[in-house]
Amino acid sequence: MEEKQFHVCMKRMKAGEQSALREIYEAYIGYIYSVVFQVVRNKEDAEDVTSEFFIKLWKLADNYQSRKGHRAWLAAIARNMAIDLLRKKKREIFAEDFTDSVLENASTDDVEEEVLSDVSLKEALDTLKPGEREIVNMKILGELTFQEIANILKQPMGTVTWRYQNAMKKLRRCGYE
């Protein structure tokens, strides 16, 4: 789908035309699925996020502003949704592990220490630039290789590794390995 055709479809979606969403869906379902799958590496999760993507796109139609590079815009939305899913899953796993450890070691001191370390980790991550944080999340939470991250972000692999190394230096300064 060309830029002009995409912009027309978005205007039609803004006006409530569901057929415009169908056109975008048919043109980009494979592309969006592949972007999401590169991040989540799981067929079922990729299918879920892809479905949610088109629902979100419908909701974003009111705020859409015509721009060049709509494919990159679509990919960024899909990638962010996939990363959000990974984060959610990691939190759920952490919550289960945390609950299990609390039950096993019912010491109040341990619980307080665990909560404080989570807060300080969040503060440490907040010291990172958004681009650095995204790369760290994709590398650690998403368990992606630098090459995969470079492909998703459409950046040279050297840039990705350099940003990751800088982010890790900042985290080490905050006391994290």
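When I say helix today, I mean a DSSP run of H or I that is at least four residues long, numbered from the N terminus. With that in hand, we can place a residue I will come back to several times: His 70 lies in helix H4.

Hi everyone, thanks for coming. One thing up front: what you see is a predicted model. The chain averages a pLDDT of 80, and 79% of the residues score at least 70. There is a weak patch, though. Over residues 111-119 the pLDDT stays under 50, and for that stretch the model has seven contacts beyond four places in sequence. Please keep that in mind if you plan to look at the region.

Let's start with the overall picture. The chain has eight helices and zero strands, so to speak an α-α-α-α-α-α-α-α run from the N terminus on. Of the 177 residues, 32% are buried. Among contacts with a separation of 6 or more, 61% join residues 24 or more positions apart.

Back to His 70. How buried or exposed is His 70? Its relative accessible area is 1%, and since anything under 20% counts as buried, His 70 is buried. The side chain of His 70 also makes a polar contact with the side chain of Tyr 28, at 2.4 Å. Leaving aside neighbours within four places in sequence, His 70 is in contact with Met 1, Glu 2, Glu 3, Phe 6, Tyr 28 and Tyr 64.

Just before it comes Gly 69, in the loop between H3 and H4. Gly 69 is partly exposed, with a relative accessible area of 30%. The C-alpha atoms of Gly 69 and Glu 3 are separated by 7.4 Å, although those positions lie 66 residues apart along the chain in the sense of sequence distance.

Further along H4 we meet Leu 74. With 0% relative accessibility, Leu 74 counts as buried. Which residues does Leu 74 touch, leaving aside its neighbours within four places in sequence? The list is Phe 6, Tyr 28, Ile 32, Phe 53 and Leu 57. For Tyr 28, the C-alpha to C-alpha separation from Leu 74 is 9.0 Å, and the two are 46 residues apart along the chain.

Now the aromatics. A search of the whole structure finds nine aromatic pairs. Take Phe 6 and Tyr 64: the ring centres are 5.7 Å apart and the planes are at 80°, so this pair is edge-to-face. Phe 6 belongs to helix H1, residues 3-14, and Tyr 64 to the loop between H3 and H4, so the pair ties together parts that are 58 residues apart in sequence. Both Phe 6 and Tyr 64 are buried.

A second pair is Phe 146 with Tyr 164. Here the centres are 5.1 Å apart and the planes at 70°, so again we have edge-to-face. Phe 146 lies in helix H7, residues 146-153, and Tyr 164 in helix H8, so this pair ties together parts 18 residues apart in sequence. Phe 146 and Tyr 164 are buried as well.

There is also one aromatic cluster formed by Phe 6, Tyr 28, Tyr 31, Tyr 64 and Trp 73. And for those of you who like cation-ring geometry, the charged end of Arg 71 sits over the ring of Tyr 31, 4.0 Å from its centre.

Next, helix H3, residues 43-60. Does the length make sense? The 18 residues at 1.5 Å each should span 26 Å, and the end C-alpha atoms are 25 Å apart, which agrees. At the start of H3, a side-chain oxygen of Asn 42 comes to within 3.0 Å of the backbone nitrogen of Glu 44.

Which residues of H3 are buried? They are Asp 45, Ala 46, Val 49, Thr 50, Phe 53, Phe 54 and Leu 57. The spacing has a simple reading: an α-helix has 3.6 residues a turn, so residues three or four places apart point the same way. Thr 50 itself has a relative accessible area of 4%. Beyond four places in sequence, Thr 50 is in contact with Ile 29, Ile 32, Tyr 33 and Val 36.

Finally, helix H8, residues 157-173: 17 residues reaching 24 Å from first C-alpha to last, close to the 24 Å expected. Its buried residues are Val 160, Tyr 164, Asn 166, Ala 167, Met 168 and Leu 171.

That's my tour. Happy to take questions!

Notes: Residues numbered from 1 in each chain as written. Heavy atoms only, no water. Helix = DSSP H or I, 4+ residues; strand = E, 2+ residues; numbered from the N terminus. Buried < 20%, exposed > 50% of the residue type's maximum accessible area, 1.4 Å probe, protein only. Contact = heavy atoms within 4.5 Å. pLDDT = per-residue confidence, 0-100. Expected span 1.5 Å × (residues − 1). Polar contact = N/O pair within 3.5 Å; in protein donor to acceptor, adjacent residues only side chain to side chain. Phe/Tyr/Trp six-rings, centres within 6.5 Å; stacked < 30°, edge-to-face > 60°. Lys NZ or Arg CZ within 6 Å of the ring centre and 35° of its normal.
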